[in-house]
Amino acid sequence: MKAIITISFLLFFPFSCTKEKTAVDENTSVSDENLSKKIFDSLRRQSIFVQENENILTRIWVKSNEKRGNYFYSDTLNILKISKYKFTGQKLNLIKEIDLENAEWSYLEIDSTTIKTKKIGKTNYLFLAHQVSNMGKAMNEISVNFSMINMDNIADNFSLQYYGYPSDYCNGCIRGNFVENSKLKSSAFAKTVLHQYARTSKFIYHPSDEEKNITHYKNFGEKWQKDNDTDNNFGAGYYIIPDIIYSTYYDENLFKLTSASEEFVENENYKVQSVFRGNLVGFDKKKRKYFPIIVESCSHFCNKNVEFVDAQKLKITYEDEQSFEIDLSKIVFK
């Protein structure tokens, strides 16, 4: 979305590479000479976004014990905040503060390229996108939150969430769906504006109109999970292979869709691609067609060894040495 940014005064400041030795008491009276040095500089160094307008200062920042770069945080609790201050005499008073995100045991990343302000009607809005992913062995679902905040009244804010999993179809993005909350549904204006804003995000997959159809070959994973009535994205452990597997034949080379490490096994009938901690995809040499065997993704404890035990049967052995066999000739195609 191309937008004309209207702003009275806007500064972006890099984070300090080291933690602040002393915290700033925002209500401490200081001399005019030291007001800028002791308070302004400290707030700016700890901020992702700062705006000064007459006697009001607004900033976006993250409360976290560990920063990994200018816009990336890793901690047991990352809190994304917007704070508003007012100068009263020689004091800088905190007048309003809102938590935009409370992410426990997570990685939090800010998309600095899409932080912007835009005047819509008579109101100045701040737009911000951030991504949250889980630490440890939990589900590997990732969320992206798109925020729209009234700069005059930060309590007037809306958010649009997108949930998904890492995708091979874009660099560092996830593929999933938007989830709208009740507050957003109550405002057609905010809903429209936030969906337009989300179209610019590098965090999420933006399919073409053709790719939105589940029968498109790039959607083989989603179609497989729908046909098999399962969601095979998980953390620790592995999914139990269903007794009957439903799949689809494709003319397009599904092997070329992955950017992850992979191994191949084959016999006279099939060639099978085993993606690291991911899918099993087959190629039927007689029919000259590709088909998904198992669609899965995981972050821990799901490495597997794949081998043929006869002309039709594939044996899969996971890290804990539990094995499964799949008879490729008994897969039901839709």
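Colleague: In which sense do β3 and strand β4 pair, and over how many bridges?
Modeller: This is a predicted model, and every statement here should be read with that in mind. One bridge that shows how β3 meets β4 joins arginine 59 to its partner serine 83, which belongs to β4. Taken over residues 72-88 of strand β4, the pairing with β3 is antiparallel, and the number of bridges is eight.

Colleague: How many residues lie between β2 and β3 in their hairpin?
Modeller: Strand β2, which covers residues 47-53, pairs with β3 in the antiparallel sense over six bridges. One of the bridges can be named, since asparagine 53 has isoleucine 56 in β3 as its partner. In the turn of the hairpin, glutamate 54 has a positive phi of about 55 degrees, and the number of residues between the two strands is two.

Colleague: Is strand β3 mostly covered or mostly open, and how many of its residues are buried?
Modeller: A residue counts as buried when its relative accessible area is under 20%. Strand β3 spans residues 56-63 and is mostly covered, because, with that cut-off, the number of its eight residues that are buried is six.

Colleague: Which residues of α4 are buried?
Modeller: Helix α4 runs over residues 220-227, and six of its eight residues are buried, so the helix is largely enclosed by the rest of the structure. Just after α4, the chain reaches aspartate 229, which takes a positive phi of about 50 degrees. Within α4 itself, the buried residues are Phe220, Gly221, Lys223, Trp224, Gln225 and Asp227.

Colleague: Is lysine 256 buried or exposed, and what is its relative accessible area?
Modeller: Lysine 256 lies in a loop, between β12 (246-247) and β13 (262-266). The cut-off for an exposed residue is a relative accessible area over 50%. Lysine 256 is therefore exposed, with a relative accessible area of 69%.

Colleague: What distance separates the C-alpha atoms of lysine 256 and aspartate 168?
Modeller: Along the chain, lysine 256 and aspartate 168 are 88 residues apart. In space, the separation of their C-alpha atoms is 10.0 Å.

Colleague: Which residues does serine 147 contact, leaving aside its neighbours within four places in sequence?
Modeller: Serine 147 has its place in strand β8, which covers residues 142-150, and it counts as buried because its relative accessibility is 3%. Its side chain also makes a polar contact of 3.2 Å with the side chain of asparagine 145. Once neighbours within four places in sequence are set aside, serine 147 is in contact with Leu126, Phe127, Leu128, Phe158, Ser159, Leu194 and Tyr197.

Colleague: Which strands stand at the edges, each with a single partner strand?
Modeller: Three strands form an open antiparallel sheet, and their order is β18-β19-β20. Each edge strand has a single partner, so one side of it is left without a neighbour in the sheet, and the strands in that position are β18 (304-308) and β20 (323-327).

Colleague: Over how many bridges do β18 and strand β19 pair?
Modeller: One bridge between these strands joins valine 306 to isoleucine 316, its partner in β19. Strand β19 covers residues 313-318, its pairing with β18 is antiparallel, and the number of bridges is five.

Colleague: How long is the polar contact that joins the side chains of threonine 317 and serine 323?
Modeller: Threonine 317 is found in strand β19, and it is buried because its relative accessible area of 19% falls under the 20% cut-off. Leaving aside neighbours within four places in sequence, its contacts are Asn303, Lys304, Asn305, Gln322 and Ser323. For the side chains of threonine 317 and serine 323, the polar contact is 2.9 Å.

Colleague: How much space lies in the largest cavity?
Modeller: A search of the whole structure finds one cavity of 30 Å³ or more. The residues that line the largest cavity are Glu263, Phe264, Val265, Val272, Ser274, Lys304, Asn305 and Val306, and the elements giving two or more residues to this lining are β13, β14 (270-275) and β18. The space in the largest cavity is about 50 Å³.

Colleague: What share of the residues in the chain is buried?
Modeller: The secondary structure of the chain comes to four helices and 21 strands. Among contacts between residues at least 6 apart in sequence, 54% join residues at least 24 apart. Of the 334 residues in the chain, the buried share is 46%.

How values were computed:
Residues numbered from 1 in each chain as written. Predicted model: local features only at pLDDT ≥ 70, side-chain atom pairs only at ≥ 80, totals over all residues. Heavy atoms only, no water. Buried < 20%, exposed > 50% of the residue type's maximum accessible area, 1.4 Å probe, protein only. Pairing = 2+ DSSP bridges. Polar contact = N/O pair within 3.5 Å; in protein donor to acceptor, adjacent residues only side chain to side chain. Contact = heavy atoms within 4.5 Å. 1 Å grid on protein atoms, 1.4 Å probe; cavity = no way out; pocket = protein on both sides within 12 Å on 5 of 7 lines; lining within 4 Å. Points joined across faces, edges and corners; volume = space filled by probe spheres on them.
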